[in-house]
Amino acid sequence: MSILLILLASAVRQATPLLLAALGGLYSERSGVINIALEGLMLAGAFTAASVTHYSGSPWLGLAAGIAAGVLVALVHGVACIRFKADQVVSGTAINILFLGVPALLSGALFQSTGATPQVPQEQLLPIAPIVLAFLLVPVTWYVLNRTPFGLRLRAVGENPEAADTAGVNVARVRLAAVLLSGALAAIGGAYLSIGQSSLFARNMTAGRGFIALAALIFGKWRPVQTMLACLLFGFAEALAIQMEGVSQVPVQFIQIVPYVLTIIVLAGFIGHSRAPRALGVPYQEKR
Amino acid sequence: MSRPRLQLAGFALALVLGLATTGCRDLSQATGDPGKLRVGIVFDSGGKDDRSFNAAAFRGVQQAAKDFPIVLRDAEPGDPASLEPAMRAFAEVGYDLVIGIGFAQTPIVEAVAKDYPKVNFAIVDGVSSLPNVASLIFKEHEGSYLVGMIAAHTSKTGKIGFVGGMDVPLIHKFQVGYEEGARAVNPEIQVIQNYVGVTEAAWNNPGKGKELAVAQIGKGADVLFAAAGNSGLGVFDAVEQLDKLVIGVDSNQNWVKPGHVLTSMVKRVDNAVYQIIGDLVNRRFQGGIHVYGLPDGGIGYAMDQYNEKLISPLVIQDVEAAKAKIIRGEITVTDAMAQ
């Protein structure tokens, strides 16, 4: 395989968890709910997927359980932010901190470990399916957003919830659906890390990918195709750093900042103004 | 701030505090048993189930708790910032010995040991000059030299890899020893090296570990030495998938992926912590530097039923000869930390 192919394959693999989480974030944020909890949702999905795969021997069951866990945690975020109109950043941060601890606690009870699961055998991994799913979801998300009634309502409650409410849209319900969807997608991203790319859950194994996904979402102007390109850019920068590190004489610290420097350059110079959904972060009080 | 916001902020705060103190949750129960010596151990961010460095330390203290009349409590701080509170908590309630695992805890042990001169401390992989601190250090470069020789003998491509965890002087010690050993066998050999990261997170990122391994294999490496905690398990996945060989680290990891693990550079942290607890129990605990290396078996390479078919007796002969020369001082392996 030529070096370019290796580079591209690596970029796609590293973009996949970012893309899944970022698409999840896209649904939530386009509906007006900030989802800074992507990191915690990924960890929930990753841990549950690895644990259930370990017990059942079926990665598909593991993936399904991971999705269920993501939806459940997202439900907490959704209820806090939508029903109780809590501060969305605080709620999301709480979830992130919570999931630094929960897997450690559960792995202690289940595996006498403190934050890791046993390794899943090679033949029980899903190395390809989540990648395909992630990239298929880009056109699907575009279509849902721009060509379906649900997408119209989603954008409406994110831009102008008063108007949507007046038109008879149940703002709370649409937002909750969006937040749950984001939990499911972020959890698939996490599951890819634990039972796709690697073969176990390790404590805090997302290592900030949830936040990079969030950056990619903002960077991609909250649009699916642009967000995908942003994720690919991050993935490519990571892959490039890996290829450069082994051969060049440049200190590793410099090479490892390449992805971030690239981000700042592109953000500052090339993408222009990135405008958030107008009602993002604003809890909606029904007028009835 | 509106009321629900305040409530939530309070909730989040409680959560943070709750998590920050989980490291010390067992302390209150440990004050019983006045006749027994009390030993506290603080693991580093890899966590005691990393199947490698921390796991070795955990085995050692567990064995000590079985053999000696001691009360043992451990703390596993989730993030580097809670290492010091955990260690202070042990010292504050008057533990007899507090052990810090990992170089990152060296400054913390120093600070706490100064404040509690009556408490004994031990630090693994770090050096302190305080009289109440035992510094347990290992000659990892010498063991890495031997596995580097095995790697060079085994490689068919003339290219081997090194995947380090956090880019710190301690891991450079592994890397430099490995390279020197490989060069001793094959002066032309190419060693490709990567580090997972420059922060603590580098020990827990198996996804990145695997990507690095795949990249090295793509460049032609067929034997990879992983010194990267939990991230190393990603390297194990990569060599299994692409049918190459990996060298494990710290614990004997030959069993992790049988047939794909060439050997493991073992660092008997278990023996070291066991001995220091034994010294405490027998009232002969001594501060200062305790060095473990090849002659005492503190460092070595693992041979067992999982890898006996992977390494030929001729290679073993060559490696054993080099080992004897290192012990006699006829071969000097560079210690990257001493430079």
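**Exercises on a predicted two-chain model**

The buried residues of H5(A) are Pro130(A), Ile131(A), Ala134(A), Leu137(A) and Thr141(A), where buried means that 20 or more other C-beta atoms, placed from the backbone, lie within 10 Å of the residue's own. This is a predicted model, in which local features need pLDDT of at least 70, side-chain atom pairs count only at pLDDT 80 or more, and totals for chains, interfaces and linings use all residues. Residues are numbered from 1 along each chain as its sequence is written, and chains are lettered from A in the order in which they are written.

**Exercise 1.** Compare the span of helix H5 (residues 129-147) of chain A with its expected value, and locate its kink.

*Solution.* Helices are DSSP runs of H or I with at least four residues. The expected span is 1.5 Å times one less than the number of residues. For the 19 residues of H5(A) this gives 27 Å, and the end C-alpha atoms are 26 Å apart, which agrees. A kink of about 30° lies at Val138(A), shortly before Pro139(A); the bend is the angle between axes fitted to the seven residues ending at a residue and the seven starting there.

**Exercise 2.** Describe the phi and the setting of Arg51(B) and of Asp250(B).

*Solution.* Most residues other than glycine have a negative phi. Arg51(B), however, has a positive phi near 60°. Arg51(B) sits in the loop between strand S1 (37-42) and helix H2 (53-67) of chain B, and counts as buried because 27 C-beta neighbours lie inside 10 Å. Asp250(B) has a positive phi of about 65°. Asp250(B) belongs to strand S9 (residues 245-250) of chain B, strands being DSSP runs of E with at least two residues. Asp250(B) is buried, with 28 other C-beta atoms within 10 Å.

Technical notes: Buried ≥ 20, exposed ≤ 12 C-beta atoms within 10 Å, placed from the backbone.
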